[in-house]
Amino acid sequence: MTTPDTDPLDAPTAALAAAVLEVARHLEGEALDAPRLFALARSAELMATSPSLAALLGADGSRDGDLDDLHLTPIDLDDGSDADGSVDGGDPLDALQRVQWPDLAAGGAIACDLAPTSWSVRAGDGSSEPADGTALPQGRALRVVVAALADGTTWSAVHRGTEHGYVLGAALLPDISAALLETLQTAD
């Protein structure tokens, strides 16, 4: 295996991809009856505005430049239930219509399980399975995490099953990505 000389992702996209994987790991093994929303805050700004949080995490704030300016901290906004305790359902587009991002959000993420009837694989080169033999699991829910920054950068993770991990990319779920971007741009 060879390693490329340069990372194929630019720095903001790489930071967003890391946040997507952090959200995915956080929710691993958890049932998602409703979409979960996460504000993505710039870690350096979060530490600067929250000295008590910085102290809790062992960052005293006296060493400027210790934190990567692009690093994102996902903040879970809710548990997926409405104020009256009723579950909001599994439609991520519906959940995004009601989201209100906090002021500290540089971006947002949504995680959900898409019902088998709500997704399909687009026809590509005519083959029904990728060359590596890791086709998407037909007939069962698909775990997805989609994130975006207000500048238009997007990244997604789609879970392919326990043994295969995630498919990662910028344009895997264009409808959810577009809806998420719209919520971030109307929040400005």
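I call a residue buried if its relative accessible area is under 20%. With that cut-off, 36% of the 188 residues in the protein chain come out buried. Note to self: this is a predicted model.

**Overview**

I counted the secondary structure first and got 5 helices and 6 strands for the protein chain. Going along the sequence, I wrote the pattern down as α-β-α-α-β-α-β-β-β-β-α. Next I looked at contacts between residues at least 6 apart in sequence, and 69% of them join residues at least 24 apart. The surface that the protein chain exposes is about 11,000 Å², with 51% supplied by carbon and sulfur atoms.

**The sheet**

In what order do the strands sit in the sheet? I read β2-β1-β3-β4-β5-β6, an open sheet of 6 strands with antiparallel pairing. At the edges I found β2 (72–76) and β6 (166–169); each has a single partner strand, so one side of each has no neighbour in the sheet. From one strand to the next, the twist averages 20°.

Then I checked what packs on the sheet. Helix α1 (residues 11–27) does, and I see it touching β1 (36–42), β2, β3, β4, β5 (154–159) and β6. The direction of α1 makes about 145° with that of β4. Helix α5 (residues 174–186) packs on the sheet too, touching β3, β4 and β5, and its direction makes about 35° with that of β4.

**Strand β4 and its partners**

I spent a while on β4. How many of its 8 residues are buried? I get 8 of the 8, so β4 is largely enclosed by the rest of the structure. Side chains in a regular strand alternate between the two faces of the sheet, so I split the list by side. Leu142, Val144, Val146 and Ala148 are on one side of β4, Arg143, Val145, Ala147 and Leu149 are on the other, and all are buried. I noted that Arg143 is in that list.

On to the pairing. β3 (residues 105–114) and β4 (residues 142–149) run antiparallel, joined by 8 bridges. Two pairs I picked out: alanine 111 is opposite valine 145, and cysteine 112 is opposite valine 144. β4 and β5 also run antiparallel, with 5 bridges joining them, and there I marked alanine 147 opposite tryptophan 155. The β4–β5 hairpin has 4 residues between the strands, and in this hairpin glycine 152 takes a positive phi near 105°.

**Helix α1**

Does the length of α1 fit its residue count, and what should it span? At 1.5 Å a residue, its 17 residues should span 24 Å; I find the end C-alpha atoms 25 Å apart, which agrees. After α1 comes glycine 29, with a positive phi near 80°.

For burial in α1, I listed Thr13, Ala15, Leu16, Ala17, Ala19, Val20, Val23, Ala24 and Leu27. An α-helix has 3.6 residues a turn, so residues three or four places apart point the same way. Among the buried ones, I can follow Leu16, Val20, Val23 and Leu27 along the helix. The cover over the buried residues of α1 includes β1, β2, β3, β4, β5 and β6.

**Threonine 13**

Last entry: a polar residue in helix α1, threonine 13. Is threonine 13 buried or exposed? Its relative accessible area is 12%, so threonine 13 is buried. Leaving out residues up to four places away in sequence, I see threonine 13 touching Thr153 and Trp155. That tryptophan is the one I had already marked opposite alanine 147.

Notes:
Residues numbered from 1 in each chain as written. Predicted model: local features only at pLDDT ≥ 70, side-chain atom pairs only at ≥ 80, totals over all residues. Heavy atoms only, no water. Pairing = 2+ DSSP bridges. Axes fitted to C-alpha atoms, helices over the stretch in contact; angles between N-to-C directions. Contact = heavy atoms within 4.5 Å. Expected span 1.5 Å × (residues − 1). Buried < 20%, exposed > 50% of the residue type's maximum accessible area, 1.4 Å probe, protein only. Areas by Shrake-Rupley, 256 points an atom, 1.4 Å probe, with all protein chains shown as cover.
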